[in-house]
Amino acid sequence: MHGRVKVKTTAQQEEEKKKEREKKLKVYVAARDACFSKRKDGVLDDEALQLTQQLLSANPDFATLWNYRREILTHLETVKDEDEAQKIYEAELSFLESCLKVNPKSYGSWHHRGWVSARLPRPDWARELSLCDRCLSLDDRNFHCWDYRRMVVKMSGVPVKQELEFTDRLIGSNFSNYSSWHYRSTLLPLLHPGSPEPPPSRCGGDPPHSCSPPSPQAHFHRVCEEQLLKEYELVQNAFFTDPNDQSAWFYYRWLLGRAEREEVISCAYVSREQERVAVAFSRPVNAQSGGLLLVLDGQPQRAEWRSVHPHFKHSPVWICDLPPGTISDVANEHNLTVHWTEKHTHRDCALYTGRSESWCRDTATDLELFRSELSVEKTSVLQSELQSVNQLQELEPLNKWCLLTIILLMRALDPLGYEKETLAHFQTLKEVDSVRSAYYSDLCSKFMIENTILKMEYAEVRVFSISDRNLTTLCHLDQLLLVTHINLSSNQLRRLPPQFAMLQCLEVVEADNNSIENLEGVYHLPKLEEVSLKNNKISTLADLQPLASCPKLRRLDLRGNPVTQTANVESELAELLPSVADLLL
Amino acid sequence: MAEEENQFEEFEQIDFLRDRHVRFFQRTLQVLPERYASLETTRLSILFFALSGLDVLDALEVVDSKVMIEWIYSQQVLPTQDKSNLNRGGFRGSAHIGIPYSTKGPGVLHPYDSGHVAMTYTGLCSLLILGDDLSRVNKEAVLAGLKVLQLEDGSFYAVPEGSENDIRFIYCAASICYMLDDWSGMDIQKAIDYIRGSLSYDNAFGQGAGRESHGGWTYCAIASLCLMGRLDEALSPRELNRIRRWCIMRQQSGFHGRPNKPVDTCYSFWVGATLELLDVFQFTHFEKNRSFILSTQDRLVGGFAKWPDSHPDPLHAYLGLCGLSLIGEPDLKKVHPALNITQRAFQHLQQLQQTWRDNAGSCVGQQ
């Protein structure tokens with residue numbers, strides 16, 4: 001249903017139009033019925049061609065009629081010689097051109113044209129390309145036409161280089177040409193493939209043999225460096241010329257981008273007291289159906305792995321319990337290996353005598369986790385890009401694409417070093433692009449969490465503290481497997497989500513002065529002893545239910561929560577949380 | 001125009017004119033203007049827009065449910081005596097082929113009669129909205145008809161005769177399987193492969209591989225994966241974040257479907273619902289979204305248009321309402337973002353499915 005602009009008419013004009021429409025309708029219905037009865041009787045003649053032509057001119061979306069027409073044409077092909085067939089199909093192409101003039105976005109028409117072009121004895125691909133050029137000059141975003149052009153290019157074997165030059169011309173004449181940039185993104189990796197790297201794989205699902213193929217656009221890094229540098233220049237020209245057009249910025253982001261990381265076990269943790277092994281992956285996996293093997297002191301274990309919360313079939317963190325007595329004696333040394341057979345990767349962990357717990361991990365720094373939005377090919381390249389975009393930012397201080405790109409580049413180069421500038425840019429961004437200010441707040445929260453993780457790792461402590469930062473959501477909780485103390489006070493959190501259950505080593509939670517009403521994630525945390533939730537929005541006893549699953553919980557501060565006003569709250573809580581000796585209401 | 005009239009227009013523009021929209025959909029159900037003749041073959045989908053629209057408005061009482069249900073069932077391709085046409089199963093768009101009216105079997109074999117995947121989808125939704133228990137849906141035929149539409153690459157045709165094939169029909173297929181609680185009608189893994197293959201360099205989905213990113217196709221991709229329960233399996237957290245970013249950038253005032261295109265009412269749902277499924281809809285700007293949608297409201301005849309000062313049509317009227325429902329417009333029912341029916345209709349579906357499971361469990365000799 002295409003937008004039709006309102007036009008005022010007089011009553012008389014309305015009446016005349018009505019009569020005209022009634023006449024048309026009669027003719028249409030008669031023709032349609034004639035068509036159907038012919039088709040039903042299996043008649044495939046010239047008259048049928050004419051009838052369908054009449055109808056399709058009025059309604060090119062009547063798919064059944066195109067099918068009938070294809071049957072007629074296929075039949076005629078068998079009874080006419082090649083020259084006659086050529087003529088018939090050429091006439092068909094002319095007919096289609098007139099249909100497309102009426103509605104250049106009709107699926108039926110384009111689909112049929114594709115069919116005809118493929119069957120033409122002597123196709124004229126140059127003519128087809130010229131049709132596309134004309135169509136695109138009227139509407140360069142007509143994706144039907146672009147799709148058709150891609151088909152023509154494929155069928156006629158137009159070299160990729162030529163098509164790339166075609167995009168050069170289009171972009172050269174008008175940088176604001178999103179569809180052209182898109183087309184270019186599909187051509188570039190074909191013409192200038194980058195160095196072969198292991199294909200980014202996505203397997204993690206149930207049957208290991210049925211891996212989803214990488215998306216074609218996962219070939220982020222598959223453009224060779226020399227060409228990449230030329231492309232940077234082209235794109236910079238574009239966004240310097242028109243910084244407000246997003247086409248070039250999206251393309252630039254893609255050029256700077258990088259493929260998915262390998263799927264590895266980033267951390268293995270073992271606790272004598274809980275007799276439990278916890279494993280963190282670099283991305284969510286499904287380890288329930290097998291694939292994750294535990295070997296203890298050379299002996300494979302019959303381990304049953306579960307995700308930290310029943311909500312998750314796919315989770316970065318998996319845990320399993322060892323039979324009682326297996327590792328509880330602190331006098332014994334143990335060696336564990338966790339194998340992830342899906343990806344032929346493993347991690348070892350040694351539990352020494354006298355130690356109650358042990359772990360082995362890649363830090364976020366090791367993995368360059370938070371830089372991985374962008375390619376880390378050469379810091380010098382990124383530095384030079386940052387310089388360019390900074391220059392533009394001086395000329396265009398209110399341009400949001402500029403600000404976003406600078407933030408991106410800064411985080412790729414030095415997240416902690418550029419923290420202050422990044423926060424300042426986010427402030428500006430929220431002002432110049434206020435429609436998305438909530439999203440930017442959330443994005444900024446995420447970056448602040450990342451920085452806190454990095455700082456924590458540099459300090460080599462297990463305390464995660466991020467208070468008074470206007471945090472609205474939590475993320476990267478899979479990086480906090482080893483954290484013992486967490487302070488989230490004075491933020492704007494509304495819940496501790498199920499992912500919070502990944503904090504398997506947590507002993508103390510401080511989350512005062514938020515808006516927390518949901519504690520789903522405080523679930524089966526084996527070491528959790530203290531929880532402080534002063535001045536939140538916990539309103540019912542049911543909200544506190546998850547806490548009952550934490551066996552060691554002894555101190556709970558609920559002051560300033562609506563739930564404290566519930567009748568008999570003390571006795572109810574005593575029943576719900578018997579281990580809590582220290583209850584503050 | 002006089003000053004007072006302008007002020008009056010402005011005042012009316014902020015108001016949501018519920019009753020006009022109810023009447024708009026009522027008229028849609030009775031008679032459509034001639035310019036809709038080209039949509040004859042997809043008539044059932046227009047019925048869906050009207051019924052679901054009235055459902056969102058909580059005004060289904062104006063509909064004669066019994067009559068509607070009978071008409072919908074009359075579009076079902078019924079198996080012939082010898083069941084030779086099972087792989088043509090599904091629902092037609094309308095009676096335009098000329099099959100004689102019938103809601104009971106056996107069916108009549110006609111060489112060009114078949115279901116259409118989008119009509120089967122909207123037909124089933126419409127039945128649910130009207131409170132039907134789907135007991136007269138021939139599931140065997142529907143699923144058989146669906147199976148033959150899937151290509152090697154995982155995408156679907158709309159009809160067994162052949163048509164264009166792309167991600168839209170994967171969405172229809174996934175919805176059908178979801179509603180019937182039976183995924184034997186499609187190869188899920190192949191569909192996921194096709195969906196992943198449609199992910200474009202700028203982190204949204206095209207109609208197929210190598211094709212341009214678009215809000216509508218992105219909805220089809222994400223909603224399908226959600227219905228299949230495979231969202232986190234098919235897309236990595238980073239990919240999901242990038243998709244969220246592309247979608248969030250579609251809001252100008254309302255939403256557009258592609259960069260550098262004008263905003264259009266229907267994308268308040270297509271992109272809005274995608275953001276809702278990806279858990280970030282709360283970061284959009286509700287006020288600007290609402291203002292735009294209401295600027296396309298037709299104050300005289302009701303309904304919404306794609307742009308201001310354009311004629312309203314059932315599709316934009318329905319999706320405009322859904323867009324408003326997403327931002328919590330008072331007195332509008334909540335919409336299930338993946339299935340695109342009200343939560344009320346969805347709960348009805350859940351109850352039905354529970355009944356089917358209970359019955360299957362209690363059947364002696366099953367399994």
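Two strands are said to pair if DSSP finds at least two bridges between them, and the strands themselves (E, at least two residues), like the helices (H or I, at least four residues), are DSSP runs numbered from the N terminus. This is a predicted model, in which local features need pLDDT of at least 70 and side-chain atom pairs count only at pLDDT 80 or more, while totals for chains, interfaces and linings use all residues. Residues are numbered from 1 along each chain as its sequence is written, chains are lettered from A and ligands numbered from 1 in the order in which they are written, and side-chain values use heavy atoms, with hydrogens and water left out.

**Strands of chain A**

In chain A, an open sheet of four strands follows the order E4-E3-E7-E8, with antiparallel pairing. Strand E4 (299-300) and strand E8 (345-351) lie at the edges of this sheet, and each has a single partner strand, so one side of each is left without a neighbour in the sheet. Within the sheet, strand E3 (residues 292-296) and strand E7 (residues 334-340) of chain A are joined by five bridges, and Leu294(A) has Val338(A) in E7(A) as its bridge partner.

Strand E6 (residues 315-321) of chain A also takes part in pairing: strand E2 (residues 276-285) of chain A is antiparallel to E6(A), and so is strand E5 (residues 306-307) of chain A. The table lists three antiparallel pairs of chain A.

| Strand pair | Bridges | One pair of facing residues |
|---|---|---|
| E3(A) and E7(A) | five | Leu294(A) and Val338(A) |
| E2(A) and E6(A) | six | Val285(A) and Ser315(A) |
| E5(A) and E6(A) | two | Ser307(A) and Trp318(A) |

Six of the seven residues of E6(A) are buried, so this strand is largely enclosed by the rest of the structure; buried means under 20% relative accessible area, exposed over 50%, and partly exposed in between (1.4 Å probe, protein chains only).

**Nonpolar cores**

A nonpolar core is a set of buried Ala, Val, Leu, Ile, Met, Phe, Trp, Tyr and Cys residues joined through side-chain atoms within 4.5 Å. The largest one has 223 residues, and those with the most contacts inside it are Phe464(A), Ile486(A), Leu488(A), Phe500(A) and Leu235(B). Helix H7 (residues 167-180) of chain B gives the most to this core, with eleven residues. Apart from it lies another core, of 25 residues, among them Tyr28(A), Leu55(A), Phe95(A) and Leu120(A).

Contact means heavy atoms within 4.5 Å. When neighbours within four places in sequence are left aside, the residues in contact with Leu488(A) include Phe464(A), Leu474(A), Phe500(A) and Asn514(A). A further residue of chain A, Ser445(A), belongs to helix H15 (residues 437-459) and is buried, with a relative accessible area of 3%. Not counting residues up to four places away in sequence, Ser445(A) touches Asn470(A), Leu471(A), Thr472(A) and Thr473(A).

**Chain B as a whole**

Chain B has 15 helices and two strands, and buried residues make up 62% of its 367 residues. Its C-alpha atoms fill a box of roughly 75 × 50 × 40 Å, taken along the principal axes. Among the contacts in chain B with a separation of 6 or more, 69% are between residues 24 or more positions apart.
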